[in-house]
Amino acid sequence: MAATRERKVPALVDKPMDFCPGCGHGIVSRLIMEALEELDQLDNIIFPIGVGCSSNLGAGLECDRLHCCHGRAGAVATGMKRVSPDTLVVSYQGDGDAYNIGIAETFNAAYRNENITVIVINNTNFGMTGGQMSLTTMEGQKTSTSIYGRDCSVTGYPIRFPEIVAREFPGAAYAARGTVTNPANINKLKGYIKNALQAQLNHEGYSIVEVLSPCPINWGLTPVKAMERIEKELIPYYPIGEFKKRGEEQK
Amino acid sequence: MAEMMKGNEAIAEAAVRAGARFYAGYPITPSSEIMEYLSWRMAEVGGSFVQAESELAGINMVIGASACGVRALTASSGPGISLKQEGISTLCDEGLPAVVITQVRYGNGLGTLFTAQCDYNRETRGGGQGDYRCIVLCPSSVQEFVDLMLPAYELSEKYRIVVVMMGEGTLGQMMEPVTLPDFVETKRTPWALTGKYDYKKIGIFERDSRKEAVELREKYAAIKENEQRWFDEGVEDADYVFVAYGVPGRATLGAIRELRAEGEKVGLIRPITAWPFPEKAFAKINPACKGVITVEENATGQLVDDAALYIKKTHKDRNIPAYALTYVYNTPPIRSIKADYHRIKNGEVKEVY
Ligand SMILES: Cc1ncc(C[n+]2csc(CCOP(=O)(O)OP(=O)(O)O)c2C)c(N)n1
Ligand code: SF4
Ligand SMILES: [Mg+2]
């Protein structure tokens, strides 16, 4: 009989978070908590939290956190970090929060090279409010505000923000994109998150990790099919990997 | 010792001396000199300064700094303060203290650069979404502005509320003799986020808004009872009582002194807190008073609503009329206030209420 391992709940999580079955948010929250634990930072962390399904994170955590207005976490994080430079400040936001309504704050925090870590859960829609189109919605993707499929000729093309950071902001410390589709990718993603946190701990500058994350309920797919969609449709457009490694010179 | 200082610079220095160690904002006339000054001054005292990408970002940076227990400041005017409203509502919701300075300029929309008092309603009614108020202080001189900076932070921390310093363009731009206060010792608030979770917080889905409503009502009732501030002169025997705040309040003081010397029985209430409104001052007014007259730098009359409410509340047995002298923008000259007073006395001006 295979040895069973006890399921350990990370110390900072105090109650279940209400995500839909098959949602990616839960996996990422767990990875962040594990990374903090491994870096021995459980009592040195503040989360400015975005508005969206990400808000559930704030409901289940046992640590310092603040719910920000929709899109403003980049600015709130800036204020926190400037007055508490030795405390880890990690914003946790959705694609709608960070890129649609919050693009000014997200962009400018990266531009100023704030020494913060930004985690963006990219599920290619506004999950919480019923799956409307976001800046990361794929061309042709049907959402509740693009019922015939996203027409990029009038709505713009899906944004790849970590790539912009890596390309345009010379001071930025770290930019990566990961996903949660299988154990190998989950392990890789955890490595990215740890790198980002480590960069912040070492005062190296801005770090961002975007996560391609399933939203089965709004995609109209089963959890398994939602994972398949990420592999087949999203990764070819949104490559996973590190776009700016720590200590790397600007390309 | 008093030295001549430009309003905005004196105010910025007073904020530093009152313990402000974080500033974030976006430039706008007539408040910009505050941030210009703090852009170099904060670093000298170990504080932080961020030139934000917008007023929206600026107030959200203030939220972050305040959440971490640091005395935080932002300043703006007209449309910039509109952009901050969501953040001010959030500060009030989270019970986070902060001081917001507005050097009011005239107009709707983009507005103008003229000194004015057109934003009274917005500041005194809690201009953002929800059901909250800010304490609103409205000094009438640079010295008074400077002297109120420390009480502003103390009030905001005592009640965990936003304090709005409602100045006006001219208060930032004029030079006056100022005596600066001493430096206070800075320390973080007890509820600061430290990363260690030593101040417990409930999750957003566990809030009990009905319970919070009771606490909110108690808090606002305590503020109304304890924090009314005003200056008054000559109200006990006055036939007419002027109500005016800020620089027009000063001009009106000049007007009532001249009118008194000419034999007119007039008085003045100059609110120093616009919210809580100084209701207690109205209780002192002559029971036989013939009218209250507001002097306002706006077009439609805003202060008059409060002046009418409280004269009718404190003098229930008599329906004392409330008049508004609205000078749109710029400080009204004493001679205009006096001339308009005589028009009211002669029955040439219709009361508002
Ligand atoms: C100012 C403002 N506008 C709109 C909303 C409504 N709203 C809440 S969450 C959300 C979208 C969130 O989408 P995303 O950031 O992608 O998060 P997800 O739920 O997909 O994880 C919107 C529009 C709001 N809370 N505040
Ligand atoms: S709506 Fe989508 S993002 Fe939100 S909890 Fe459900 S699956 Fe997750
Ligand atoms: Mg989303």
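**Where the two domains of chain B meet**

**View 1. Polar contacts across the domain boundary.** Between domain 1 of chain B and domain 2 of chain B, 19 residue pairs are in polar contact, with both partners at pLDDT 80 or more. Keep in mind that this is a predicted model. Salt bridges get their own tally here: there are four between domain 1 of chain B and domain 2 of chain B.

**View 2. A close look at B:R250 and B:E176.** These two residues, B:R250 and B:E176, pair up in a salt bridge. Their closest N and O atoms sit 2.6 Å apart.

**View 3. The domain 1 side of the contact.** Several elements of chain B each chip in at least two residues to the side of domain 1 that touches domain 2, among them the helices α6 (120-124) and α7 (142-158) and the strands β6 (135-137) and β7 (162-168). Helix α9(B) gives the most to this side of domain 1, with four residues. As for what lines that side of domain 1 of chain B, the split is 17 nonpolar, seven polar and eight charged residues.

**View 4. Both domains of chain B together.** The domain assignment puts residues 3-226 of chain B in domain 1 and 231-345 in domain 2. Taken over C-alpha atoms, the centres of the two domains are 28 Å apart. At the boundary, 32 residues of domain 1 of chain B are in contact with 26 residues of domain 2. Together the two domains of chain B bury about 2,600 Å² between them, and 53% of that is on carbon and sulfur atoms.

Conventions:
Residues numbered from 1 in each chain as written. Chains lettered and ligands numbered in written order. Predicted model: local features only at pLDDT ≥ 70, side-chain atom pairs only at ≥ 80, totals over all residues. Heavy atoms only, no water. Domains from an automatic or database assignment. Contact = heavy atoms within 4.5 Å. Buried area = accessible area lost by both parts, 1.4 Å probe. Salt bridge = Lys/Arg side-chain N within 4 Å of Asp/Glu carboxyl O. Polar contact = N/O pair within 3.5 Å; in protein donor to acceptor, adjacent residues only side chain to side chain. Nonpolar A, V, L, I, M, F, W, Y, C, P; charged D, E, K, R; others polar.
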